[in-house]
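This report covers the ring interactions, the nonpolar cores and a few individual positions of one structure. The sequence and the coordinates come first, and the discussion follows.

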Amino acid sequence: MERGKDDPSFSAFVRHSNDSPSIIKIVAGVLLVPMRTLMFFFIALCCCVLIACVRVVFRGKDAIRLSQKVFKLHCKAVLLILGVKVSKPSNLQSAESQFMHPVWVSNHVSYMDIIVFGACFGCPFVAKWGVRGAPIVGSIAKSIGCVFVKRAKGSTGTGAVAALQAYGKGWNSNDGLAPVIVFAEGTTTNGKSILRFRSGAFNASQAVPVFSIKYKYHNFSPAFDSLRMSWHWPLFAMEFSHQADVSFVGISQQQQFSNPEQQVEEARRAALSAQQMVAENLKCDVSVGTWHDKVEYLQRFC
């Protein structure tokens with residue numbers, strides 16, 4: 001029996017948005033969409049050039065640290081041209097004190113999450129291996145110290161754990177590098193429900209700071225849930241303004257065990273704890289859906 005749109009497994013992917021723009025927005029979009037698109041790529045190109053100059057003059061961690069600062073300025077410029085206002089954590093001092101931890105986690109709502117966290121903290125992020133070779137984006141991602149993971153079909157996630165553990169071992173808060181941000185759900189949602197947090201980040205670090213992100217909107221939702229990029233970007237770019245709220249919600253602690261099986265189970269417990277912290281902060285539901293449910297939803301209803 002086929003499942004309908006109201007199936008609980010699909011709750012995190014259902015659009016809660018008016019995706020039909022008004023006549024005024026369509027007229028304004030004729031100017032805004034191409035202008036913002038061109039400015040976006042121009043700023044990204046400038047970021048690449050500046051980072052290339054940094055890497056000519058500096059090496060090692062100095063180059064990564066300065067590249068992250070350039071990336072932070074780049075993200076702020078992108079948010080400015082897109083009309084995205086970011087509400088930083090009210091406990092910003094507590095959030096910035098978490099730079100002693102190499103790995104952070106957050107829920108994942110939109111591709112804009114990377115830009116928002118970049119503007120706030122200059123964070124690198126976990127990305128698919130294929131991003132390394134992408135024009136402009138790949139160059140920036142490599143330069144700021146992103147962690148690249150190969151996601152093979154049927155993968156157990158051990159590659160992500162190993163990559164994050166390697167990042168943590170080579171990371172020192174005294175170097176002035178930003179922590180890596182892990183979007184623990186593994187995919188984007190509608191922001192009304194969150195998916196189960198994967199335990200990879202919690203296997204890689206004993207204490208993991210937990211953040212949440214949400215977007216306030218009246219009509220169009222920035223959530224990249226079940227809308228195709230070819231339609232989402234123009235609708236996003238024709239909106240006059242957006243509001244993103246970032247919150248530091250606490251630290252997910254875990255005990256250390258010599259027994260590998262116990263350690264895996266403890267990481268799962270820590271991931272569940274982090275998920276509950278984010279759900280309570282956002283006052284949203286916890287979905288039973290998975291990545292496979294999202295694929296099915298996209299294939300059948302989009």
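In this predicted model, Arg132 lies over the face of Trp129, at 4.9 Å from the ring centre, and Lys150 likewise lies over the face of Trp129, at 4.9 Å from the ring centre.

Turning to pairs of rings, a search of the whole structure finds 14 aromatic pairs. One of them joins Trp104 and Phe211, whose ring centres are 4.5 Å apart and whose planes meet at 25 degrees, so the pair is stacked, given that planes under 30 degrees apart count as such. This pair links distant parts of the chain, since Trp104 belongs to strand β2 (residues 103-106) and Phe211 to strand β7 (residues 207-216), 107 residues apart. Trp104 counts as buried because its relative accessibility is 0%, and Phe211 counts as buried because its relative accessibility is 0%. Another aromatic pair, formed by Tyr297 and Phe301, is tilted. The geometry of the two pairs is set out below.

| Pair | Centre to centre | Angle between planes | Class |
|---|---|---|---|
| Trp104 and Phe211 | 4.5 Å | 25 degrees | stacked |
| Tyr297 and Phe301 | 5.1 Å | 50 degrees | tilted |

Tyr297 and Phe301 both lie in helix α10, four residues apart, which is about one turn of the helix. In general, an α-helix has 3.6 residues a turn, so residues three or four places apart point the same way. The accessibility of the two rings is nevertheless classed separately: Tyr297 counts as buried because its relative accessibility is 4%, under the 20% limit, whereas Phe301, with a relative accessible area of 26%, is partly exposed. Ring pairs also link Phe40, Phe41, Tyr111, Phe224, Trp233 and Phe236 into a cluster.

Which residues of helix α10 (residues 291-301) are buried? They include Tyr297, together with Asp293, Lys294 and Leu298. These four cover an arc of only 135 degrees around the axis, which puts them on the same side of α10. On the other side of α10, His292 and Gln299 are exposed.

As for the nonpolar interior, the largest core has 48 residues, and those with the most contacts inside it are Leu82, Met112, Phe117, Phe125 and Phe236. Several elements each supply at least two residues of this core, namely helices α1, α2 (60-82), α4 (112-121), α5 (137-143) and α8 (229-238), along with strands β5 (180-183), β7 and β8 (242-253). Not counting residues up to four places away in sequence, Phe117 touches Ser106, Gly122, Cys123, Ile181, Phe183, Phe211, Ile213 and Val246; Phe211 in this list is also the partner of Trp104 in the stacked pair. Apart from the largest core lies another core, of 29 residues, which includes Val149, Ile194, Ala204 and Cys284.

Two further positions complete the account. Ser199 is found in the loop between β6 (193-194) and α7 (200-204), and this loop residue is buried because its relative accessible area is 18%, under the 20% limit. Leaving aside neighbours within four places in sequence, Ser199 is in contact with Ala267, Arg268 and Ala271. Val57, by contrast, is found in helix α1 (residues 23-57), and Val57 counts as exposed because its relative accessibility is 62%, over the 50% limit. Between the C-alpha atoms of Val57 and Val249 there is a separation of 38 Å, the two residues being 192 residues apart along the chain.

Conventions:
Residues numbered from 1 in each chain as written. Predicted model: local features only at pLDDT ≥ 70, side-chain atom pairs only at ≥ 80, totals over all residues. Heavy atoms only, no water. Buried < 20%, exposed > 50% of the residue type's maximum accessible area, 1.4 Å probe, protein only. Arc of directions from axis to C-beta. Phe/Tyr/Trp six-rings, centres within 6.5 Å; stacked < 30°, edge-to-face > 60°. Lys NZ or Arg CZ within 6 Å of the ring centre and 35° of its normal. Core = buried A, V, L, I, M, F, W, Y, C linked by side-chain atoms within 4.5 Å. Contact = heavy atoms within 4.5 Å.
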